[in-house]
Amino acid sequence: MAKILIVEDEEKLARFIELELIHEGYTVEKTGNGLSAYEAVSSAVVSEEPFDLVLLDIMLPGINGMEVLRRLKILEKDQAHTIPPVIMLTARDQVMDKVAGLDAGAVDYMTKPFAIEELLARIRVALKLHGHEKEDAQDPVSGRSGELLTWKGLTLDKNKHRVTYGGTDIPLSNREFQMLLTLLENRDIVLSRDVLLSKVCGYDYIGETNIIDVYVRYLRTKIDEAFGVKMIQTVRGVGYVIYSDSD
Ligand code: CA
């Protein structure tokens, strides 16, 4: 499984990303300092276990993320080492940095705050493009097949961002899609509204938690009512769940 370095000085955010990545099965290291990030990546490229991907914040103590990236590119050019793909993490007001980051050789960028599912999706894409394709074997227990998740007649394709039931397309908004994806990936586990909120709306979403109830209602209209099933179950006082074997 891929090894990822998180370079982020906001400890809470770094820890949140770390836990999510570990949950996904990645090996994770993190640092909150630009200089130590450069040292970690540059010493790893010549070792047996280089990083497969770097998540790089821009505003950092030591040297900033742009400078880290610039130095890594120099290392690549002068020493002919292959450096791992870099996804920049930028704040909303750093549009210029975002453009500069891509110019400087980052493969992608995320604007904070972001929904964790989107970051995970972009990590998968970056790893795939750089030779770390995930196993595509079907797991009969979870119903997972690589990027496809299934439940009864429903199929969710993570890559194509598409949901069908018995072959019929179900158009979903981005947040409805994230919500369904989160529930399907955690089937048989009751998820609280807070957990769903951080997955669907971003880790620092500020607003009504009943927005989750609204998305559940939309999904039930589009799936349960349309196809005569009962997919998303309400667990009173707790949250929501999709059971593998529910009718
Ligand atoms: Ca920062």
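Which helix does S198 lie in? S198 belongs to helix α7, residues 193–201; helices here are DSSP runs of H or I with at least four residues, strands are runs of E with at least two, and both are numbered from the N terminus. The model is predicted, so local features need pLDDT of at least 70 and side-chain atom pairs count only at pLDDT 80 or more, while totals for chains, interfaces and linings use all residues. Residues are numbered from 1 along each chain as its sequence is written, and side-chain values use heavy atoms, with hydrogens and water left out.

**Helix α7 and its surroundings**

Let's stay with S198 for a moment. Its relative accessibility is 17%, so S198 counts as buried (buried means under 20% relative accessible area, exposed over 50%, partly exposed in between, with a 1.4 Å probe and protein chains only). A polar atom of the S198 side chain lies 3.0 Å from the backbone oxygen of V195. The buried residues of α7 are L196, L197, S198, K199, V200 and C201. They pack against α1, α5, α6, β12, α8 (211–227) and β14 (239–242). After α7 comes G202, with a positive phi near 105°.

N186 sits in the loop between α6 (174–185) and β12 (191–192). With 12% relative accessibility, N186 counts as buried too. Its side chain reaches the backbone oxygen of T182 at 2.7 Å. Apart from neighbours within four places in sequence, N186 is in contact with H23 and L191, where contact means heavy atoms within 4.5 Å.

**The calcium ion**

Which residues are the protein donors of the calcium ion? They are D9 (OD), D57 (OD) and M59 (O), at 2.1 to 2.3 Å from the ion. Donors are N, O and S atoms within 2.8 Å of the metal (3.2 Å for Na, K and Ca), and sites may look incomplete as water is not among the atoms. Along the chain, the donors follow the spacing D-x47-D-x1-M. D9 is in the loop between β1 (3–7) and α1 (11–23) and M59 in the loop between β3 (53–57) and α3 (65–79), so this pair ties together parts that are 50 residues apart in sequence. D9 is partly exposed, at 35% relative accessible area, and M59 counts as exposed, at 54%.

**The second largest pocket**

The second largest pocket has a volume of about 270 Å³. A pocket here is an open set of points on a 1 Å grid over the protein atoms alone, where a 1.4 Å probe fits, with protein on both sides within 12 Å along at least five of seven lines; lining residues have an atom within 4 Å of a point. Its lining holds 15 residues, and A121, R122, R124, K158 and H161 lie nearest its centre. Two elements, α5 (116–129) and α6, give two or more residues to this lining, and α5 supplies the largest share, 7 residues.

**Backbone details in the loops**

A cis peptide bond joins K112 and P113, with omega about -5°. P113 is in the loop between β5 (108–112) and α5. Two residues other than glycine with positive phi are set out here.

| Residue | Phi | Loop | Relative accessibility |
|---|---|---|---|
| K152 | near 50° | between β8 (148–151) and β9 (154–157) | 46%, partly exposed |
| H161 | about 55° | between β9 and β10 (162–165) | 40%, partly exposed |

H161 is thus listed here for its positive phi and is also among the residues nearest the centre of the second largest pocket.

Technical notes
A polar contact is a pair of N or O atoms within 3.5 Å; within protein, one must be able to donate a hydrogen and the other to accept it, and residues adjacent in sequence count only if both atoms are side-chain atoms. Grid points are joined across faces, edges and corners, and a volume is the space filled by probe spheres set on the points.
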